[in-house]
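Welcome, and please open your viewer. We will begin in one of the loops and then zoom out step by step.

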Amino acid sequence: MKELILVGGPMGVGKTSTCRELLHLLSPSAFLDGDWCWTMSPFVVNGETKNMVLDNIGHILNNFLRCSAYRYVIFCWVMHSQSIVDDILRRLDLTDTRTTLFTLTASEQVLRARLQHDIDEGTRSPGVIERSLERLPRYAAMKSVNIDVNDITPALAAARMEAFLKEPERS
């Protein structure tokens, strides 16, 4: 059986870093960061580009799911509403696939500090803090396994995900 692991959370919470760690813990696995599908210049967000990105995500995830070389398919993105998750899942052939949604959470203070560090390093733009904090409350309503990353490293968050996925009662 395939395992599709979805990892959501606000910008700056550590989704990509955690999934990179998880990639090495779960074998054989493939990883897609949804942000890679938004890498374009100019960065334009409208109905057409949103649909294109979701379509690209669906195609890539389906290709990973069909490929016999991988048991685990890991996907992360800023999925701040159940409708986003549902839209992605509707695009996938989930035959013989178990799906688990994890949400990484952090306090407003921790998230603000992490994003400010990224801004200071030049890897994010200043407006990201308010956009990320604005979405933070929405994650509480998600039907997911929550992992508080306030005081843990991405490696420990990934280890907690691995432990959850390998619990005997999930088999």
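Start by selecting proline 28, which sits in the loop between α1 (15-25) and β2 (29-33). This is a predicted model, so keep that in mind as you look around. Now add serine 27 to the selection: a cis peptide bond joins serine 27 to proline 28, with omega at about -5 degrees.

Next, follow the chain through β2 and select proline 42, in the loop between β2 and α2 (47-66). Show serine 41 as well, and you will find a cis peptide bond between serine 41 and proline 42, where omega is about 5 degrees.

For the third stop, go to aspartate 96, placed in the loop between α3 (82-90) and β4 (97-105). What is the sign of phi at aspartate 96? It is positive, about 55 degrees, although aspartate 96 is not a glycine. Turn on the surface there: aspartate 96 is exposed, with a relative accessible area of 57%.

Now switch to a cartoon of the whole protein. You should be able to count six helices and five strands, and tracing them along the sequence gives β-α-β-α-β-α-β-α-α-β-α. The radius of gyration is 16 Å, close to the 16 Å from the globule rule for 171 residues, so the protein is as compact as a globular protein of that length. Along the principal axes, the C-alpha trace spans about 45 × 40 × 30 Å.

Finally, colour by burial: buried residues make up 44% of the 171. With the full surface shown, about 9000 Å² is exposed, and carbon and sulfur atoms supply 51% of that area.

Note on methods. Residues are numbered from 1 along each chain as its sequence is written. This is a predicted model: local features need pLDDT of at least 70, side-chain atom pairs count only at pLDDT 80 or more; totals for chains, interfaces and linings use all residues. Side-chain values use heavy atoms; hydrogens and water are left out. Helices (H or I, at least four residues) and strands (E, at least two) are DSSP runs, numbered from the N terminus. The radius of gyration is taken over C-alpha atoms; the globule rule is 2.2 Å times the number of residues to the power 0.38. Buried means under 20% relative accessible area, exposed over 50%, partly exposed in between (1.4 Å probe, protein chains only). Accessible areas come from the Shrake-Rupley method with a 1.4 Å probe; for residues, only the protein chains shown count as cover.
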